[in-house]
Amino acid sequence: PKPTDPNAHPGVQIQSPITDYLAGLVAQNSKDNPGANAAYIPELAAVNSDQIGACITTVDGYVYGSGDVGVEFSIQSVSKPFVYALAIEEHGLDWVLDRVDVEPSGEAFNELSLDGKQLPKNPMINAGAMTTHSLIGEGTMTVDERFEHIRKGLSRFAGRELGVDEGSYASELATAYRNFSIAYMLRNYGAIKAEPGDVVKGYTRQCAIQLTAADLATMGATLANGGKQPVTGEQVVSAETVRQVLSVMTTCGMYNEAGHWVCEVGFPGKSGVSGCVLGVLPGNLGMATFSPRLDEAGNSVRGMRMYKQIAKEMVLHMM
Ligand code: DON
């Protein structure tokens, strides 16, 4: 239902029974804090791990949040579905499917995970996401133009200009030996055509795009709304592109926890090692949680828990 508050309008956080519910959710999940911050990116290891927030944006643009929903963090892997959407918009789905497969890898997000045709298994793991990154303006854009196209594209989903967490970028790039290895292997197999070093730098910068849980919930609401940004009214990507993106998020978005996620939460999700988790309930809402400590699969422990709880209590499971 639309909020009755006369000050309520799309894009502005308001007080309502939904906010009260989210406050309870955040409070209940603040009682303990298991897991650990991502250790392989020095800047993320140093983030205050007590932070916790949950935010919902509806497809008509109303924003409800509680906790640390205004704190900026780096988007990390949650950039992957949005850049996949931009690649499909640019080249068409069939062309993109010839470069990146859509099968769950059943392996960690930072494995090479190639299929029988030497293609990365899906666009949500690092190998597939670096390939997808390289597809943007392949053969036509410079490295800087590619990044700027991606930054602008993500900003259109969010409805505001997003910047870059330069500290996170520099810190990850300085220690990105594993992603460099994967990118060189991808180049060896012909999966990427660009210089591997350029791809790692651009992809790492993509992962360092900075935003809040409120921004992320609204980006999710754009996907939930068939690609139309609910506050600006812009059709950012087509409904067909969204269908593909959400399908792949459903099967691959939570890495080797994707099965448990879809059984218990029941709608598409995507996690990032900064501790954010994006959820999209098609036709209804986008949701974002932020809590930095991760489990073994690289998913936010309290974020996963909050999604499982809200899916059950609010009966959000699609099945
Ligand atoms: O490439 C990396 O390893 C990071 N920039 C992103 C990985 C990530 O967020 C995995 N998600 N849970």
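# Notebook: two domains, a ligand and helix H9

**Entry 1, domains.** I started with the domain assignment, which gives domain 1 (17–76 + 212–297) and domain 2 (77–207). Note to self: this is a predicted model. I looked up the spacing next, and the C-alpha centres of domain 1 and domain 2 lie 20 Å apart. For the contact between them I got 37 residues from domain 1 and 32 residues from domain 2.

**Entry 2, the domain 1 side.** Which elements give two or more residues to the side of domain 1 that touches domain 2? I found three helices and two strands on the list: helix H2 (42–45), helix H10 (213–224), helix H11 (239–252), strand S6 (269–271) and strand S7 (276–281). H11 gives the most to that side, with 7 residues. I also split this side of domain 1 by class and got 19 nonpolar, 14 polar and 4 charged residues.

**Entry 3, the ligand.** I went to the ligand and found 13 residues surrounding it. The closest are Gln 76, Ser 77, Cys 207, Val 273 and Gly 298. By class, I have the shell down as 3 nonpolar, 9 polar and 1 charged. Where do the shell residues come from? Both domain 1 (17–76 + 212–297) and domain 2 (77–207) supply at least three residues each.

**Entry 4, H6 on H9.** I moved on to helix packing in domain 2. Helix H6 (residues 143–158) and helix H9 (residues 196–207) have axes that come within 10 Å and cross at roughly 25°. The angle is under 35 degrees, so I call H6 roughly parallel to H9. H6 passes H9 in a right-handed crossing. From H6, I noted Val 143, Arg 146, Phe 147 and Ile 150 in the contact, and from H9, Asp 198, Gly 202, Arg 205 and Gln 206. Sorting the residues of this contact gave me 3 nonpolar, 2 polar and 3 charged.

**Entry 5, H5 on H9.** How do the axes of helix H5 (residues 126–135) and H9 cross? They come within 9 Å of each other, and I read the crossing at roughly 100°. That falls in the 65 to 115 range, so H5 is roughly perpendicular to H9. On the H5 side I listed Ala 129, Met 130, His 133 and Ser 134; on the H9 side, Val 199, Val 200, Gly 202, Tyr 203 and Gln 206. I counted no charged residues in the contact of H5 with H9, just 5 nonpolar and 4 polar. Looking back, Gly 202 and Gln 206 of H9 are on my list for H6 and on my list for H5.

**Entry 6, H7 on H9.** Last pair: helix H7 (residues 166–174) packs on H9 at an angle of about 140°, with the axes 9 Å apart. So I put H7 down as oblique to H9. The crossing of H7 past H9 is right-handed. H7 brings Tyr 169, Glu 172 and Leu 173 to the contact, while H9 brings Lys 201, Thr 204, Arg 205 and Cys 207. My class count for the contact of H7 with H9 is 3 nonpolar, 1 polar and 3 charged. Cys 207, in this contact with H7, is also among the closest residues to the ligand. Arg 205 of H9 turns up here as well as in the contact with H6.

Conventions: Residues numbered from 1 in each chain as written. Predicted model: local features only at pLDDT ≥ 70, side-chain atom pairs only at ≥ 80, totals over all residues. Axes fitted to C-alpha atoms, helices over the stretch in contact; angles between N-to-C directions. Parallel < 35°, antiparallel > 145°, perpendicular 65-115°, else oblique. Left-handed = near helix turned anticlockwise from the far one by under 90°. Contact = placed C-beta atoms within 7 Å. Nonpolar A, V, L, I, M, F, W, Y, C, P; charged D, E, K, R; others polar. Near = placed C-beta within 6 Å. Domains from an automatic or database assignment.
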